[in-house]
Amino acid sequence: MSEATHQQAPTDQAQTWRDDFSRVLSPVFGSPQLDLVRGEGSYVWDAAGKKYLDLLAGIAVNALGHCHPAWVKAITEQASTLGHISNFFTSPAQIGLAEKLHEVLDLPAGSAVFFSNSGTEANEAAFKMARRAAGGGRPFIIAIEGAFHGRTMGALALTAKEAYREPFAPGVPGVVHVPYGDVEALEAAINENTAAVFIEPVQGEVGVRTHPAGYLTAVRELTTKVGALMILDEVQSGIGRTGSWFAHQDPEIGEGITPDIITSAKGLGGGMPIGATITVGDANTGLLEAGQHGTTFGGNPIACAAGLAVLETIEKDNLLDHVSEVSDWLKAQLAEVDGIGEITGKGLLLGLELTGGASGDSATGAADAQVPDSKAVAARALEAGFIINPVAPGRVRLAPPLTITTDELTPFIEALPGLITG
Ligand SMILES: Cc1ncc(COP(=O)(O)O)c(C=O)c1O
């Protein structure tokens, strides 16, 4: 977009960038809501100079907020030193980030990190590892109803929503979806032909929900029993989002289980594209030997330098405790808001059920005329200067920067009743 475009009057400006967008970009994301030009901390600004409190953080990506000085410094220093090399070589940034991941996950010897560029790619690598599980020859992988694992063909096969999969049939074969939270159904589905169970410790895209107590333990026990891998997709829930480095390290969520493979992305790069597939202990044995997988950009020094800055800043600034403290405050405030029902999730990955105020009946769900349309609530929020996500009918997702403060959140809490009722 030209400089001239940004200098036009606000109303013309909005129409111009919308026109520009539809002329040159794919329609796959629909029409963009804003033309954003700048970010700082918990805020972003659009081309007309309007300021927004970013309660979505690029969908759980901007862990340190926008343009955090440590993140900017790491990227610019790395870019001016060594920007890209192939995977014929390694770099201090790549080794440093892998070492830090080993440290925060307290990984046993033999554990290994494979870097890629996104969550879907991290899961795609884990999918290939699952195909090699137990020496190969196990045709089935189990995924969970409500799961979202990405959009490439392997990750898409794991994703539960049929509307995402159907247009691209035939999909990758062998994936079986079992009902959410149902241990008996899992027991009935899993056997010696199962290569792996893929599971998000917190399902994000379905509206932010954890699993019923005992479910992750049952997944661990059953996968161990049949010799299948337990693969945790922590693309959204990891990197401090729930108040632990990774959600499964929270005893309430993870119930003390140790997975075989962990996938990470989103917050890991804090805004730089990166994914990681982490095999725990000897889980790498027989999986992805030299030459069986690859990537040009995975492990890129700039992305790894950004990732290292994210992890070091979370540690240095004690952001895990900060997330838990702000979350406790936020949940207490939200519980007092008329029109908010159930609050799901943990830390700064929260799902809010919209009940439509005192007269609403949450039990009847979105069909109840009293339950506000989450998209309409998000549109009103945007108008008022708050970015929130209408993740599902009657549900809103909040995933702000881990650095957000209670002072920054207060205007949103004050505005919320009006945003819900309209
Ligand atoms: C749990 C989970 N897995 C995988 C993905 C896909 O990640 P990406 O969009 O980086 O490919 C997402 C994205 O929303 C996700 O939430």
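**Cavities and a pocket in a predicted model**

Okay, let's start inside: H84, I85, S86, N87, F89, Q94, T296, G298, G299, N300 and P301 line the largest cavity. Before I go on, a reminder that what you're looking at is a predicted model.

So how much volume does the largest cavity have? About 50 Å³. Its lining divides into three nonpolar residues, eight polar and no charged ones. In total, the structure holds two cavities of 30 Å³ or more.

Now the other one. The second largest cavity comes out at about 30 Å³, and the residues around it are I340, L352, L354, V377, I388, V396, L398, F412 and L416. What kind of residues are these, nonpolar, polar or charged? Nine are nonpolar, with no polar and no charged residues in that lining. If you want to find the place by secondary structure, look at strands β14 (349–354) and β17 (395–398) and helix α15 (406–421), each of which supplies at least two of the lining residues.

Right, on to open space, and here I'll talk about the second largest pocket. There's about 350 Å³ of space in that pocket. Three elements give two or more residues to its lining: α5 (92–105), β4 (112–116) and β12 (275–279). Which element gives the most? That's β4, with four residues.

The lining of this pocket has 21 residues, and those nearest the centre are V113, F114, F115, L288 and H293. By class, the pocket lining splits into eight nonpolar, twelve polar and one charged.

Let me zoom out to the chain. You've got 15 helices and 17 strands. The radius of gyration is 22 Å, close to the 22 Å from the globule rule for 422 residues, so the chain is as compact as a globular protein of that length. The C-alpha trace spans about 60 × 55 × 45 Å along its principal axes.

How much of the chain is buried? Buried residues make up 52% of the 422. On contacts, take those with a separation of 6 or more: 68% of them are between residues 24 or more positions apart. And for the surface people, the chain exposes about 18,200 Å², with carbon and sulfur atoms supplying 54% of that.

To wrap up, keep two linings in mind: the largest cavity with eight polar residues and three nonpolar, and the second largest cavity with nine nonpolar residues and no polar ones. That's it from me.

Definitions and conventions. Residues numbered from 1 in each chain as written. Predicted model: local features only at pLDDT ≥ 70, side-chain atom pairs only at ≥ 80, totals over all residues. Heavy atoms only, no water. 1 Å grid on protein atoms, 1.4 Å probe; cavity = no way out; pocket = protein on both sides within 12 Å on 5 of 7 lines; lining within 4 Å. Points joined across faces, edges and corners; volume = space filled by probe spheres on them. Nonpolar A, V, L, I, M, F, W, Y, C, P; charged D, E, K, R; others polar. Rg over C-alpha atoms; globule rule 2.2 N^0.38 Å. Buried < 20%, exposed > 50% of the residue type's maximum accessible area, 1.4 Å probe, protein only. Contact = heavy atoms within 4.5 Å. Areas by Shrake-Rupley, 256 points an atom, 1.4 Å probe, with all protein chains shown as cover.
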